[in-house]
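Let's look at how the labels in a structure description are earned. Each answer sets a value beside its definition.

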Amino acid sequence: MHIYEFQELMRRLYFHRDSQRGVEKTFEWLVEEVAELGEALKVDDKKTLEDEFADVIAWLASLANVADINLEKAALNKYDNKCPKCGRLPCQCTF
Ligand SMILES: [Zn+2]
């Protein structure tokens, strides 16, 4: 499955609700899910971690739908087989 297909799945599942909620409130949900992922990273439980990663990408896709952004196109345009800063693969930027 491509990122675009996953985003379309989220659209079919949730756009009727996401569009009602709007960009700001959908963003707040994404932030909450990122915080939950942060908590899950502190615990040694792969299933919980997988669930939280899933929630983060689902809410990111929902937010992209509400903001009318094609996530796959945006990601691949910026990360076009090279680091957007140094232009190298692998990245050779200094820390
Ligand atoms: Zn780089």
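Q: Why is the site of the zinc ion called tetrahedral?
A: Four donors count as tetrahedral if all angles lie between 85 and 135 degrees. Here the angles among the four donor atoms are 101 to 117 degrees, so the site fits that definition. For comparison, the ideal angle for four tetrahedral donors is 109.5 degrees. This is a predicted model, where local features need pLDDT of at least 70 and side-chain atom pairs count only at pLDDT 80 or more, while totals for chains, interfaces and linings use all residues. Residues are numbered from 1 along each chain as its sequence is written, and side-chain values use heavy atoms, with hydrogens and water left out.

Q: What makes C83, C86, C91 and C93 donors of the zinc ion?
A: Donors are N, O and S atoms within 2.8 Å of the metal (3.2 Å for Na, K and Ca). The SG atoms of these four residues lie at 2.2 to 2.5 Å, so they qualify. Along the chain, their spacing is C-x2-C-x4-C-x1-C.

Q: Why is C91 called partly exposed?
A: Buried means under 20% relative accessible area, exposed over 50%, and partly exposed in between (1.4 Å probe, protein chains only). C91 has 45%, so it falls in between. C93, with 31%, is also partly exposed.

Q: How do you know that α1 has a kink?
A: The bend at a residue is the angle between axes fitted to the seven residues ending there and the seven starting there. In α1 the kink is about 110 degrees, centred on G22. G22 is also among the buried residues of α1.

Conventions:
Tetrahedral: all angles 85-135°; square planar, octahedral: opposite > 155°, others 65-115°. Helix = DSSP H or I, 4+ residues; strand = E, 2+ residues; numbered from the N terminus.
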